[in-house]
Amino acid sequence: MRTAEIRRRFLDFFAERGHTVVPSAPLPTPDPTLLFVNAGMVPFKPYLTGEAPAPWPRATSVQKCVRTLDIEEVGRTTRHGSFFQMSGNFSFGDYFKEEAVTLAWELSTTAADDGGYGLDPDRIWVTVHHSDDETRALWRRVAGLPDERIVARGDEDNFWSMGVPGPCGPCSELYYDRGPALGRAGGPAVDEDRYMEFWNLVFMQYERGAGPGRSGYPVLGELPRRNIDTGMGLERMATLLQGVDNLYETDETRPVLDRAAALAGVRYGADAEADVRLRVVADHVRTALMLLADGTSPGNEGRGHVLRRILRRAVRSMRQLGHQDPALPELLAVARDCMAPGHPEVAEGYERIVDRAAGEEDAFRATLRQGTAVLDSAVARVRSDGGRVLPGAQAFLLHDTYGFPVDLTLEMAAEQGVEVDREGFAALMREQRERARADARARKAGGADTGALRAVLDEHGPTDWRAWDSLTTHSRVLALRTAAGTVTVAREGEIVTVVLDRTPFYAESGGQESDAGRLSGASAEADVLDVQRPLPGLVVHQVRVTAGELAAGDEVTASVDPQWRLGARQAHSGTHVLHAALRQVLGPTALQSGSYNRPGHLRLDFPWRGALSATARTEIEDAANRALRRDLPVDVRWMPLAEARELGALALFDETYGERVRVVEIGGAWSRELCGGTHVEHASQIGVVALTSESSVGAGMRRLEAAVGFEGFGHLARERDLVARIAEQVHAPRAEIPDRITGLLERLKAADRENQRLRQAATRARAASLVDGARDTDGVLLVTAATDGDADAARALATAVRELLPAGRPGVVAVGAESGGKGVLVATVNPAAAGSGLDAARLVRQLLNGRGGGTAELAQGGGLSADRLRDVLRSVPGALADR
């Protein structure tokens, strides 16, 4: 049974039993403690924890997940994969243990011809928490399992919590006996390779208190509503139903592995180390495909860094297998064909996906070339100093700065007879990981700090948010918070976080900056500095009290600055217009991957390889402003998410959408996006879109910036004034400015070339004069001189003199230069002098007390005063005599 069919059967089974089918959430998650969705329950977390009411009593999904904490183990064992799919059924206070057990058993054991998976019930084992007699009894009664196949286990294995205070409860896991060829008999407590876990049923019925780890914390009591959270590993079930050994051999992964083997000219199963690398490639290519499909772009931080590492590990593994040519486009095409039956988005966005991946592969191949040069240079220095160990700091520099994998450093250093200080490298890596963990702890702490705000939300309910249709509300202050905690009053000059019962202020989201404005009451005035949504349904305002005292319970008028809001609407609608114009000119792969807009200004990031031409920038700007001139209508509609997708509405990455979505249309289908921002009523109200810059923001990612509205007209006016000043300065009509500037530049280049010719001629003449005055010092022709200018001028004169010295006699040249009150010394020797043992670098260090460096033929030193330079030049004959 193919994986897409296993997925379909799961969703159909639970839909027929009253569960709402919820589409998989995108892999990037808004949860501040996570980079990617790493479990099937993550999108349902607000409903399971009680932060928000669930839209449905029961639901089912097949959720895409990525875990990279154990990425180094991927491929080394057949149990680890960075991408997986978790099939789950969820109950939010509806059904509990008996129905969860019944449903899992029914789907697992019902014959395939009748819509189930057809697992042999005599080969299924289950585990339960040692205290959960109720579930043990259910497995006996519902499934008829004998006691010997119901295994009791402790907290570490069969009691679930999120690791922080909140819901918890026992769980029950289903295992399948794959037969004696794969391990020892005795159940999952004996051998979890033979007995493969495929489903976990979590019974959320208690509330846990604070405590470390997965056990040892207090259980505070029963939850007011009991929930069900289950997870059936789609790849695990595919492994069982397809009769293969592991997830790498299922229908969604094995074709990628086989294609990688064919490209590299190896055979899977013939060599253990090659097998590891093939599994890495198969896993990472599939993971990269899904991350790219959900809008993640390679980068240096956060999600982008994870994707970049995954792509580069795949490229490096192909290189280690002996394949030196680009591989990702061909491998991704295979992965696309495997995944598209269950995830059509990978086919729809494939052109963009493969372009981003190919760009990253090209960049990494260049990195390998650059890193190889750096490594070769470092190894050469170690060997020239008589050493055999490359410092750990050098290996870390290659890893951290150049993205050069450490195992590649180890391999290439060993080829040149040099070891690597692994302990030093490991110490630096530990420091980096500690910094990362500290950052993760800070993110989690930030989430925990919302506890007091959650209490406000629980007591007063969601904020009555009116930003879409109002600039003013009469509001009541529900709570005041400072960094020190909850306060009852804020005085003049203090900055405080304010929770209102209703607000007209737009909270920063979707790339749109928050509104500015004021709070006015009988006893206080305050400027609104920032507006955020720390919890679903709750809007908070950061304000500075400018007069009087603001207290909890005060009645205030909340007023958005109308000019600010107008500018924000122009900028956000302008972003939509620019996005549509961009896709009109460049094609559908130029899909927005990030944006930011504030009054008068917008920026838009999109995947593209190479800078846009001047013609393309002009066409994009023209397409945007034609839409404004046509005064396209701006319409806002609410509709089901499925209907919006059928209409072709663009759902932007890194955003989370509910079952009903807000669709903003500009000119109907010309621009149709899911959006929660504020917008103008007609495109002409944007005024103008004036592109101000186009730049790179990373490999394969470009950024457009534009001024809109009044600021857009101001930008164009400044450009007009600048052109007028240039026309006046070059004495040419505006239309002739480019030709006039081109002519001026050509004349400047000609003048520079003539100046360079004259300088070289003067240097040669001076050099000839100095050679005529060369003096014999112990059999060596010596020339010393001082010249005006910098170190470049001194080097040019010294080398010119050296070339004119008689070839058959040893010659030494020392030239000093003064620049900015400091002196520099350049020394050079001709081949005859070098053959007799004279060394320019040694001479410079002798003259400058150890400072300076270079080669035996040419060396340089500096940092001395102008007076000291003259003394140094006078001491050259003595230094030669002492050699």
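## Elements and overall form

Helices, taken as DSSP runs of H or I with at least four residues, are numbered from the N terminus, as are strands, which are runs of E with at least two residues. In this predicted model, the chain has 26 helices and 34 strands, and one of the helices is helix 25, which covers residues 866-874 and holds D867.

The C-alpha trace of the chain spans about 110 × 75 × 50 Å along its principal axes. Of the 883 residues in the chain, 47% are buried. Among the contacts with a separation of 6 or more, 67% are accounted for by residues 24 or more positions apart.

## Surface and charge

The accessible surface of the chain comes to about 39,600 Å², and carbon and sulfur atoms hold 50% of that area. The chain carries 105 positive and 123 negative charges, and the mean positions of these two sets are 5 Å apart.

## The packing of helix 9 and helix 12

Helix 9, made up of residues 302-320, packs with helix 12, made up of residues 350-384, at an angle of about 65 degrees, and the axes of the pair are 10 Å apart. The crossing in which helix 9 passes helix 12 is right-handed.

On the side of helix 9, the residues that meet helix 12 are R308, L311, R312, V315, R316 and R319, while helix 12 brings A357, E360, E361, F364, T367 and L368 to this meeting. Ahead of helix 9 comes the loop that joins helix 8 (272-293) to helix 9, and E301 is found in that loop. E301 has a relative accessible area of 68%, and because a value over 50% counts as exposed, E301 is assigned to that class. Between the C-alpha atoms of E301 and A551, which are 250 residues apart along the chain, the separation is 41 Å.

## A buried cysteine in strand 7

C171 lies in strand 7, which runs over residues 166-177. The relative accessibility of C171 is 3%, and since the cut-off for a buried residue is under 20%, C171 counts as buried.

Once its neighbours within four places in sequence are left aside, C171 is in contact with T127, V128 and H129, with D157, N158 and F159, and with N200, L201, V202 and F203. A further position to consider is D229, 58 residues from C171 in sequence, and the C-alpha atoms of these two residues are 9.4 Å apart in space.

## Positive phi in two loops

D631 is placed in the loop between helix 18 (614-629) and strand 24 (634-640), and its phi is near 55 degrees, a positive value in a residue other than glycine. With a relative accessible area of 31%, D631 is partly exposed, because this value falls between the 20% and 50% limits.

H731 likewise has phi near 55 degrees, again positive in a residue other than glycine, and H731 lies in the loop between helix 20 (709-730) and helix 21 (737-772). The relative accessible area of H731 is 65%, and H731 is therefore exposed, the limit for that class being over 50%.

## Towards the end of the chain

G837 sits in the loop between helix 23 (831-835) and helix 24 (840-847). This glycine has a relative accessible area of 42% and is partly exposed. G837 and Y206 are 631 residues apart along the chain, and their C-alpha atoms are separated by 85 Å.

D867, found in helix 25, has a relative accessible area of 51%, so it passes the limit of over 50% and counts as exposed. D867 and E818 are 49 residues apart in sequence, and the distance between their C-alpha atoms is 9.7 Å.

Key: Residues are numbered from 1 along each chain as its sequence is written. This is a predicted model: local features need pLDDT of at least 70, side-chain atom pairs count only at pLDDT 80 or more; totals for chains, interfaces and linings use all residues. Side-chain values use heavy atoms; hydrogens and water are left out. Buried means under 20% relative accessible area, exposed over 50%, partly exposed in between (1.4 Å probe, protein chains only). Contact means heavy atoms within 4.5 Å. Accessible areas come from the Shrake-Rupley method with a 1.4 Å probe; for residues, only the protein chains shown count as cover. Lys and Arg count as positive and Asp and Glu as negative; His and the chain ends are not counted. The place of a charge is taken as NZ of Lys, CZ of Arg, CG of Asp or CD of Glu. Axes are lines fitted to C-alpha atoms, for helices over the stretch in contact, and angles run from 0 to 180 degrees between N-to-C directions. A crossing is left-handed if the near helix is turned anticlockwise from the far one by less than a right angle, and right-handed if clockwise.
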